[in-house]
Amino acid sequence: MAAVVLSAALGSSALAAGENDNLEGIKICIDNSSFTAGIGGLDSTSGKLAQTLYDYFVDQAAAKKIAIDELGDKACPDYNVSLDFEGTTGTPRAWFGGLNVYDSTSYFSPKAGDTYKQPVSVWSSAYYGVLTNSDGLYDYLLGQGKTIIDEFFKAYLSVN
């Protein structure tokens with residue numbers, strides 16, 4: 001089993017009165033690029049992790065009777081869910097996993113004249129840590145991903 005040297009959570013930030021108010025009334029959307037993983041040197045593990053978390057997300061939405069738009073190759077027009085896991089090569093292995101919900105109709109940029117603007121994240125949660133070795137890496141990151149997804153659906157249901 002992987003030994004955790006460091007693990008922490010980054011809090012959800014929202015500008016509305018309640019921490020989950022930005023999720024009220026939105027229609028959740030996922031597409032083929034919504035779930036990604038890039039665990040250094042482990043392409044097959046990365047792909048398997050992303051696909052398993054995608055399937056878990058869809059299954060949990062159905063179980064909780066939450067309607068989602070699942071668009072496949074077509075990009076989500078609004079309220080796109082993005083789940084991403086990244087990890088370094090070798091050991092110890094640092095990793096980061098986060099889920100964001102983006103409002104694709106609202107953009108921000110540090111400079112008013114920038115041509116490259118980012119969509120606004122209306123909800124996010126993230127975890128990071130360092131593992132002393134790669135034993136059980138997939139199972140560990142899968143568990144962290146499921147935790148983030150479960151937190152998201154709990155937040156979503158708290159306002160919908």
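Lysine 27 is partly exposed, with 39% relative accessible area, and aspartate 69 is likewise partly exposed at 31%. In this predicted model, the side chains of these two residues come together in a salt bridge, with 3.4 Å from N to O. The contact spans distant parts of the chain: lysine 27 sits in the loop between β1 (4–10) and β2 (28–30), while aspartate 69 belongs to strand β4 (residues 68–70), 42 residues away. If you go looking for further salt bridges, note that the structure holds one.

**The overall layout**

Stepping back, the protein is built from two helices and seven strands. Along the sequence they follow the pattern β-β-β-α-β-β-β-β-α. Of the 160 residues, 39% are buried. Sequence-distant contacts feature here too: among contacts between residues at least 6 apart in sequence, 73% join residues at least 24 apart. The accessible surface comes to about 8300 Å², and carbon and sulfur atoms account for 52% of it.

**Strand β5 and its neighbours**

Strand β5 (residues 80–87) has six of its eight residues buried, so the rest of the structure largely encloses it. It pairs with strand β3 (residues 35–39) in the parallel sense, over five bridges. Its pairing with strand β6 (residues 93–108) is antiparallel and uses eight bridges.

Leucine 83 is a handy residue to find on screen. Opposite leucine 83 of β5 stands phenylalanine 35, and in β6 the bridge partner of leucine 83 is leucine 99. Between the two strands of the β5 and β6 hairpin there are five residues, and in this hairpin glycine 90 adopts a positive phi near 85°.

**The nonpolar core**

Which residues touch the most other members of the largest nonpolar core? They are Phe57 and Phe152, in a core of 37 residues. The elements that each give two or more residues to this core are β2, β3, α1 (43–63), β5, β6, β7 (118–131) and α2 (137–159). Helix α2 gives the most, with 12 residues.

Phenylalanine 57 is buried, since its relative accessible area is 0% and the cut-off for buried is under 20%. Leaving aside residues up to four places away in sequence, phenylalanine 57 touches Ile28, Ile30, Phe35, Ile68, Val81, Ile149, Phe152 and Phe153. Phenylalanine 152 also counts as buried, at 0% relative accessibility.

**Aromatic pairs**

A search of the whole structure finds nine aromatic pairs. Two of them involve phenylalanine 57 and are set out here.

| Pair | Distance between ring centres | Angle between planes | Arrangement |
|---|---|---|---|
| Phenylalanine 35 and phenylalanine 57 | 5.4 Å | 65° | edge-to-face |
| Phenylalanine 57 and phenylalanine 152 | 6.1 Å | 20° | stacked |

In the edge-to-face pair, phenylalanine 35 lies in strand β3 and phenylalanine 57 in helix α1, so the pair ties together parts 22 residues apart in sequence. Both phenylalanine 35 and phenylalanine 57 are buried. The stacked pair links distant parts of the chain, with phenylalanine 57 in helix α1 and phenylalanine 152 in helix α2, 95 residues apart.

These three phenylalanines are members of one aromatic cluster, formed by Phe35, Tyr54, Phe57, Trp123, Phe152, Phe153 and Tyr156.

How values were computed
Residues are numbered from 1 along each chain as its sequence is written. This is a predicted model: local features need pLDDT of at least 70, side-chain atom pairs count only at pLDDT 80 or more; totals for chains, interfaces and linings use all residues. Side-chain values use heavy atoms; hydrogens and water are left out. A salt bridge is a side-chain nitrogen of Lys or Arg within 4 Å of a carboxyl oxygen of Asp or Glu. Helices (H or I, at least four residues) and strands (E, at least two) are DSSP runs, numbered from the N terminus. Buried means under 20% relative accessible area, exposed over 50%, partly exposed in between (1.4 Å probe, protein chains only). Two strands pair if DSSP finds at least two bridges between them. A nonpolar core is a set of buried Ala, Val, Leu, Ile, Met, Phe, Trp, Tyr and Cys residues joined through side-chain atoms within 4.5 Å. Contact means heavy atoms within 4.5 Å. Accessible areas come from the Shrake-Rupley method with a 1.4 Å probe; for residues, only the protein chains shown count as cover. Rings of Phe, Tyr and Trp (its six-membered ring) pair if their centres lie within 6.5 Å; planes under 30 degrees apart count as stacked, over 60 as edge-to-face and the rest as tilted.
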